[in-house]
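Biologist: I'd like to learn how to read a model like this one, feature by feature. Can we take it slowly?

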Amino acid sequence: MSAIAPKFKLSEFIKSLLDNIFWIVLLVSLIGIPAIQVILFYIEMPVINGELLTPFLAMTWLADPSRSLPILKAFMATDMFRVMAFPGFGFAALIAAGTIFVERKMLAKLQLRVGPFYCGKIEGILQLMGDGLKLISKEIIIPAKADKPIFWAAPVIFVATAAAFVALIPVAPGWVVADVDLGLLGVFAVIGFFPIITILSAWSANSKFPFIGGIRALFQMVSFEIPLILSLLGVVILTGTLNLSEIAASQSSFPWIIFLPVGAIVFFITMLAELERIPFDLPEAESEIVAGWLTEFSGMMYGLVQLGTYLKLYAFAGLFVVLFLGGWNGPMVVPPFPEEILTDGIVMGPITAKFPGLPLFDQQMLNGTLWFVLKTVGVIFFILLPRGVFPRIRIDMLLSLGWTKLIGLAFVNIFIALGLLYAGVLGPGGLQ
Amino acid sequence: MFAFGIAAMAPALIISRMVSPRKRSNPVKFLPMECGQVPSGEGRTHFMMQYYPYILMFVVFDVMAIFLYAWGSALLELPKSATLPMMGFLAIMFGAMAFALYQSGRRRIW
């Protein structure tokens, strides 16, 4: 017999289900519906087809598919959609989830294992969901002497900071959450917060392994921040702007990696160090200091830190693509939206359905997203690959690498960019 | 996006706290992790930071590296003669960094 629930009774199970349903209905009707009414009262509703959209109209239109598309389009133009779904959190979390699965399978294949195998029948494709359920149902144990408010807040702030980083990455022309003129400086500012969060969580845990791991993380991120900043100066010199969308748009004929390969290599290495990935995973070196600054995190807190780490990985890969690989630029491969659907509607036998408001996405945006995702996936693959190939390096080697070799190469990169500019190869009068 | 991150992730911790079991507590369970041993001493000890000079160098050179962006983003509008003082700035920065690295390598004076 199963040992999971030895005193299982069907009647009690049904009773608990009914209890839960009762409480959900009660809470929704007492709190949820009034809350929605209050929120709708204060939100400015958009004007669609010359009519002000009231909640009542929205409900009636949602029942009619031919009239619900304008509502969907109006929703997609809002900041809410951008933050939650497409260039923001949902999109990034989806890519992060894919990255975790691919990393586990690929690492297993590199080491002649099979990796996740049973969950979801096909090659363990639902393993991530299973892990999420496991993490959320595990008890969170906090050390007795820990500084509890900061210790609770650290994983949440880590994910939120990674999300703020994701917000700055342009995915397709016009599709970016925060299109700021000083986007690159904003990226540096956000990156500067990660060591602070790390050292906060390490200090608040009041334990030895997180403490050592936090200090290592501080050293590593601090010593690799300067080569990271200097290696991107070449791109800024050649484009003359700090706006990430404009930098991506400036590479319509060729990506900057052709002219600045040194900067791209330096940025890639510093990226590995900032992400704490092998060969630079000193802050969470499993075989030396248990799990480094993650040692005391348990249950969902650890899950949140993992989610934040992979969001950060996606954001760094996206930054590499935007700065060096041309962002969304690429040959047009997405076919145009068929004209006859716009003019005649969809004809299925005797039924003809007309949908005003199509197409939902324009061709430029779909094509840009496709190329951005393809390039980002390629960069993520190259970030994952060293984990199966390289050993971990010592901390003095890490510091001397960051402070002497990479900074020297970053200066070489700056002079390459200046030389290209003043020789007239690039810039005004040159190729661009 | 930062606010949305907090608003979306805090419920995950709250739900986890509601769903997860919290039973059978004993003082050993809430001790800090020390590989199964009973921990000895304080968690926040005096830890010798052998590479302290690098932190000092970061404080100076991070600001200098950010200053370069003000020049780099305006370079296309500047006259060519404005590059020469910037080369002097880079030389000073590079020389100072080399000297600081040399000093940080001399372990016995730290």
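Biologist: Where does Pro279(A) lie?

Modeller: Keep in mind that this is a predicted model. Pro279(A) belongs to the loop linking helix 12 (261-274) with helix 13 (286-289) of chain A. Look at the peptide bond leading into Pro279(A) from Ile278(A): it is cis, with omega near 5 degrees.

Biologist: And which residue other than glycine has a positive phi?

Modeller: Try Asn206(A), with phi near 55 degrees. Asn206(A) sits in the loop between helix 8 (183-205) and helix 9 of chain A. A positive phi turns up at Gly424(A) too, near 80 degrees, and that glycine follows helix 17 of chain A.

Biologist: How far does helix 17 of chain A reach from its first C-alpha to its last?

Modeller: The general idea is to set the span against 1.5 Å a residue. Helix 17 (residues 395-422) of chain A has 28 residues and covers 39 Å, close to the expected 40 Å. Still, helix 17 has a kink of about 35 degrees, centred on Leu401(A).

Biologist: At what angle do helix 9 and helix 17 of chain A pack?

Modeller: About 10 degrees, with the axes 8 Å apart. Angles under 35 degrees count as roughly parallel, so helix 9 of chain A is roughly parallel to helix 17 of chain A. From helix 9, the contact includes Arg216(A), Phe219(A), Gln220(A), Ser223(A) and Phe224(A); among the helix 17 residues are Leu399(A), Gly402(A), Trp403(A), Leu406(A) and Ala410(A). By type, the residues of this contact divide into 14 nonpolar, five polar and one charged.

Biologist: Why do the contact positions come three or four places apart so often?

Modeller: An α-helix has 3.6 residues a turn, so residues with that spacing point the same way.

Biologist: Now the two chains. How many residues does each bring to the contact?

Modeller: Chain B gives 45 residues and chain A gives 58. On the chain B side, helix 1 (2-19), helix 2 (52-73) and helix 3 (83-105) each supply at least two residues. Helix 1 of chain B gives the most, with 13 residues. That side of chain B is made up of 33 nonpolar, six polar and six charged residues.

Biologist: Where does UniProt place the transmembrane regions of chain B?

Modeller: An unreviewed UniProt entry puts them at residues 51-71 and 83-102 of chain B. You can check such a record against the model: residues 51-71 are 95% helix, with end C-alpha atoms 31 Å apart. Residues 83-102 of chain B are 100% helix, and their end C-alpha atoms lie 28 Å apart.

Definitions and conventions: Residues are numbered from 1 along each chain as its sequence is written. Chains are lettered from A and ligands numbered from 1 in the order in which they are written. This is a predicted model: local features need pLDDT of at least 70, side-chain atom pairs count only at pLDDT 80 or more; totals for chains, interfaces and linings use all residues. UniProt positions are given in the numbering used here, feature names are shortened, and annotations may be inferred rather than shown by experiment. Helices (H or I, at least four residues) and strands (E, at least two) are DSSP runs, numbered from the N terminus. The expected span of a helix is 1.5 Å times one less than its number of residues. The bend at a residue is the angle between axes fitted to the seven residues ending there and the seven starting there. Axes are lines fitted to C-alpha atoms, for helices over the stretch in contact, and angles run from 0 to 180 degrees between N-to-C directions. Angles under 35 degrees count as roughly parallel, over 145 as roughly antiparallel, 65 to 115 as roughly perpendicular and the rest as oblique. Two residues are in contact if their C-beta atoms, placed from the backbone, lie within 7 Å. Ala, Val, Leu, Ile, Met, Phe, Trp, Tyr, Cys and Pro count as nonpolar, Asp, Glu, Lys and Arg as charged, and the others, Gly among them, as polar.
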